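Below are some notes on the structure you sent, as numbered points. Each point keeps to one region or one topic.

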Amino acid sequence: MKFVPHDFRRLFATELVNSGLPIHIGAALLGHLNIQTTRGYVAVFDDDIVRHYQQFLDRRRAQRPHSEYRKPTKTEWSEFNEHFDKRRVELGSCGRPYGTPCQHEHACIRCLMLSINPKMLPRLDELEEDLLARRERAIAEDWRGEIDGLDLTLTFLRSKREQTRRFERTGPVPVGLPAVPHQNPQLTGG
């Protein structure tokens, strides 16, 4: 047999999942953007993946203090829901974790946590026109710091536009929740 370096990636991916690591974590370790790519690397059956994932969750939950699994109060639940309302911004939605404030002072276009709503692509064009006009004025006035800041914002804006267009072409990746396949008692001897 002849091995090439890429074969070791496949062996590594298979070993990760067969050892009980959830496939989505394996995908992150391998740098895959689509979990289906990782599934192609892994030599296991779907029911093995689901079983390993459930075992992983059970182990993680067993390590956590039971107090963390208490029922939230009405105030806590209300605060939790309000967080998601505050994540909606003009251009899309903010992916910052629950309970964290906006550390960018709502300079959303520069924030890596902003996910642009594809419907807002025309708004990005308007913002770019405005930024370019402001940049021309900054050049005319010799405001060098302002030019640098506007260039940075333009870079983020263009990157977000391309990312949103790429997302529109590929669409969302359905991850879904794992489910245990219904076992036929005649096949399992039960």
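1. Arg-161 is in contact with Leu-121, Leu-124, Asp-125 and Glu-128, leaving aside residues up to four places away in sequence. The model is a predicted one, and Arg-161 sits in helix H7. Between Arg-161 and Leu-121 the C-alpha to C-alpha distance is 6.8 Å, although the two are 40 residues apart in sequence.

2. Is Arg-161 buried or exposed? Its relative accessible area is 8%, so it counts as buried, the cut-off being under 20%. This arginine also belongs to a network of salt bridges that links Asp-125, Glu-128, Arg-158 and Arg-161. Asp-125 and Glu-128 thus appear twice for Arg-161, as residues it touches and as members of the network.

3. Thr-164 is a further residue of helix H7, which spans residues 144-170. Its relative accessibility is 4%, and it is therefore classed as buried. Not counting residues up to four places away in sequence, Thr-164 touches Ile-116, Asn-117, Pro-118 and Leu-121. Leu-121 is listed among the contacts of Thr-164 and among those of Arg-161.

4. What does the sheet look like, and in which order do its strands come? Three strands make up an open sheet, ordered E1-E2-E3, with antiparallel pairing. Strands E1 (88-89) and E3 (114-116) are the edges, each pairing on one side only. In general, strands of a sheet pair through backbone hydrogen bonds, in either a parallel or an antiparallel way.

5. E2 covers residues 92-94 and is joined to E3 by three bridges, the two strands running antiparallel. Within this pairing, Cys-94 stands opposite Leu-114 in E3. Ile-116, one of the residues touched by Thr-164, has a number that falls in the range of E3, 114-116.

6. How many salt bridges does the structure hold? The count is 12. One of them pairs Glu-90 with Arg-123, with the closest N and O atoms 2.6 Å apart. This pair links distant parts of the chain: Glu-90 lies in the loop between E1 and E2, while Arg-123 lies in helix H6, and 33 residues separate them. Arg-123 has a relative accessible area of 26%, so it is partly exposed.

7. Two further salt bridges can be listed with their accessibility. Arg-144 and Asp-142 meet through their side chains at 3.1 Å, N to O. Arg-144 is exposed, at a relative accessible area of 59%, whereas Asp-142 is partly exposed at 46%. Glu-162 pairs with Arg-169, the closest N and O atoms being 3.4 Å apart. Here Glu-162 is partly exposed, with a relative accessible area of 35%, and Arg-169 counts as exposed at 59%.

8. At the N-terminal end, Met-1, Phe-3, Phe-8 and Leu-11 make a nonpolar surface patch of about 530 Å². Phe-3 belongs to the segment before helix H1 (5-18). With a relative accessible area of 46%, Phe-3 is partly exposed, and it therefore passes the cut-off of over 30% that a patch residue needs.

9. As to the overall make-up, the protein chain has eight helices and three strands. From the N terminus on, the order of elements is α-α-α-α-α-β-β-β-α-α-α. The chain has 190 residues, of which 24% count as buried. It exposes about 14300 Å², and carbon and sulfur atoms supply 56% of that area. Of the contacts between residues at least 6 apart in sequence, 52% join residues at least 24 apart.

10. Which elements have the lowest and the highest mean pLDDT? Helix H8 (residues 185-188) has the lowest, at 54, and helix H6 (residues 121-141) the highest, at 95. Over the protein chain the average pLDDT is 82, and 86% of the residues score at least 70. Where pLDDT is low, predicted coordinates should not be read in detail.

Terms used. Residues numbered from 1 in each chain as written. Predicted model: local features only at pLDDT ≥ 70, side-chain atom pairs only at ≥ 80, totals over all residues. Heavy atoms only, no water. Pairing = 2+ DSSP bridges. Helix = DSSP H or I, 4+ residues; strand = E, 2+ residues; numbered from the N terminus. Patch = residues over 30% accessible without salt bridge, like charges linked within 9 Å, V, L, I, M, F, W, Y side chains within 5 Å. Areas by Shrake-Rupley, 256 points an atom, 1.4 Å probe, with all protein chains shown as cover. Salt bridge = Lys/Arg side-chain N within 4 Å of Asp/Glu carboxyl O. Buried < 20%, exposed > 50% of the residue type's maximum accessible area, 1.4 Å probe, protein only. Contact = heavy atoms within 4.5 Å. pLDDT = per-residue confidence, 0-100.
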